Amino acid sequence: MFDLFSDFFACRDNVFTRMDSRVKMIVASCLILAVIFSTQIIFPLVVSAACVSTMIALRIPMKLVIVRLLGPMGIVSALVAVQTFSAPGHSLFSFSLFGWTLTATREGFAHGALLGSRVIGAVSVILLLGSVTPAHRIFHALRWFKVPETWVEIALLIYRYSFTLADQTVDVAEAQKLRLGYSSVRKSISSMGVLAGTVITRSMDQAMRTYEAMTLRGYHGKLIFDPLPKMTGAEITGLIVGAPMVLMSYVIVEWWSR
């Protein structure tokens, strides 16, 4: 579970992790905007394939990449299904379910596929960025981009203590399994309710303990971030080259796929 959210691979030494986090975030933002404004599914799928290939080339386990994409794939499946059976257009097929006649349309499927490809493309960019940039550098860069400090502090604390709560959740779930808490459907529902309540109460306790610990260490409602160093000439050059390359790739693929 911890590998799923950990930035362990972002701490390895490679050409991407050595780049300035601001450069990577700007290029990633350009890619996400291009994916969002794409009118064909080709560009988002090409971006997704490139990001996944890069992660595999960086020796990130294929199993971990697939697991990280499973959640977004569920959203994509729901989007395609809703659009296919709700949008008007030419009928592909239809069937009856509980007295309702559901009709799949070609236009709905095409629109759902476009929305789904955008989701996969944007998520792939975020996954690659998170795989080559440690979380603390992303938060540091967000402050440099003048993102409100309250937002950054909350995001930082959420990320920091998600692992603690995940650890406690696993411990409680394992204890429930040892007590046969999941031996039947009824017991499973009851155990899951207890588990959810335990996570909520422990998260509130953790919030109080964290606030008290931060107050004792001199916290007065504001975390101090050191200023980031100036970008080097190579990093500025990479930014000047990278952003236009994204725009050119977007224009070429969009024009070619029409």
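Both Asp 20 and Arg 22 are buried, where buried stands for under 20% relative accessible area, exposed for over 50% and partly exposed for what lies in between, computed with a 1.4 Å probe on protein chains only. This is a predicted model, in which local features need pLDDT of at least 70 and side-chain atom pairs count only at pLDDT 80 or more, while totals for chains, interfaces and linings use all residues. Residues are numbered from 1 along each chain as its sequence is written, and side-chain values use heavy atoms, with hydrogens and water left out.

The side chains of Asp 20 and Arg 22 meet in a salt bridge with an N to O distance of 2.8 Å, a salt bridge being a side-chain nitrogen of Lys or Arg within 4 Å of a carboxyl oxygen of Asp or Glu. Asp 20 also caps the N-terminal end of α2, since one of its side-chain oxygens lies 2.7 Å from the backbone nitrogen of Arg 22; helices (H or I, at least four residues) and strands (E, at least two) are DSSP runs, numbered from the N terminus. Helix α2 covers residues 21–36, and its 16 residues should span 22 Å at 1.5 Å a residue, which agrees with the 22 Å between its end C-alpha atoms; the expected span is 1.5 Å times one less than the number of residues. The buried residues of α2 include Arg 22, Lys 24, Met 25, Leu 31 and Ile 32.

Arg 22 has a further partner, for its charged end sits over the ring of Trp 144 at 4.8 Å from the ring centre, the criterion being NZ of Lys or CZ of Arg within 6 Å of the centre and within 35 degrees of the ring normal. A second such arrangement places the charged end of Arg 160 over the ring of Tyr 161, 4.6 Å from its centre.

Between α3 (42–57) and α4, the loop contains Arg 59, a residue other than glycine whose phi is positive, near 65 degrees. Arg 59 counts as exposed, at 64% relative accessibility. In helix α4, which runs over residues 62–86, the 25 residues should span 36 Å at 1.5 Å a residue, and the end C-alpha atoms are 35 Å apart, which agrees. The helix nevertheless has a kink of about 35 degrees at Leu 70, shortly before the proline Pro 72, the bend at a residue being the angle between axes fitted to the seven residues ending there and the seven starting there. Pro 72 is one of the buried residues of α4, among them also Leu 64, Arg 68, Val 76 and Gln 83.

A search of the whole structure finds seven aromatic pairs, counted where rings of Phe, Tyr and Trp (its six-membered ring) have centres within 6.5 Å, with planes under 30 degrees apart taken as stacked, over 60 as edge-to-face and the rest as tilted. Phe 85 and Phe 95 form an edge-to-face pair, 5.8 Å centre to centre and with 85 degrees between the planes. Because Phe 85 lies in helix α4 and Phe 95 in strand β1 (residues 91–97), the pair ties together parts that are ten residues apart in sequence. Both rings belong to partly exposed residues, Phe 85 with a relative accessible area of 32% and Phe 95 with 33%. The rings of Trp 144 and Phe 145 are also edge-to-face, because their centres are 5.2 Å apart and their planes stand at 80 degrees. Trp 144 is partly exposed at 40%, as is Phe 145 at 30%. Ring pairs link Phe 85, Phe 93 and Phe 95 into a cluster.

Lys 146 lies in the loop between α6 (135–144) and α7, where its phi is positive, about 70 degrees, although it is not a glycine. Lys 146 is exposed, with a relative accessible area of 69%.

Four salt bridges are present in the structure, one of them joining the side chains of Glu 149 and Arg 143 at 3.7 Å, N to O. Another links Lys 177 with Glu 174, their closest N and O atoms being 4.0 Å apart. Lys 177 and Glu 174 are separated by about one helical turn, because they stand three residues apart in helix α7 (residues 149–178). Lys 177 counts as exposed at 51% relative accessibility, whereas Glu 174 is partly exposed at 41%.

Key: A polar contact is a pair of N or O atoms within 3.5 Å; within protein, one must be able to donate a hydrogen and the other to accept it, and residues adjacent in sequence count only if both atoms are side-chain atoms.
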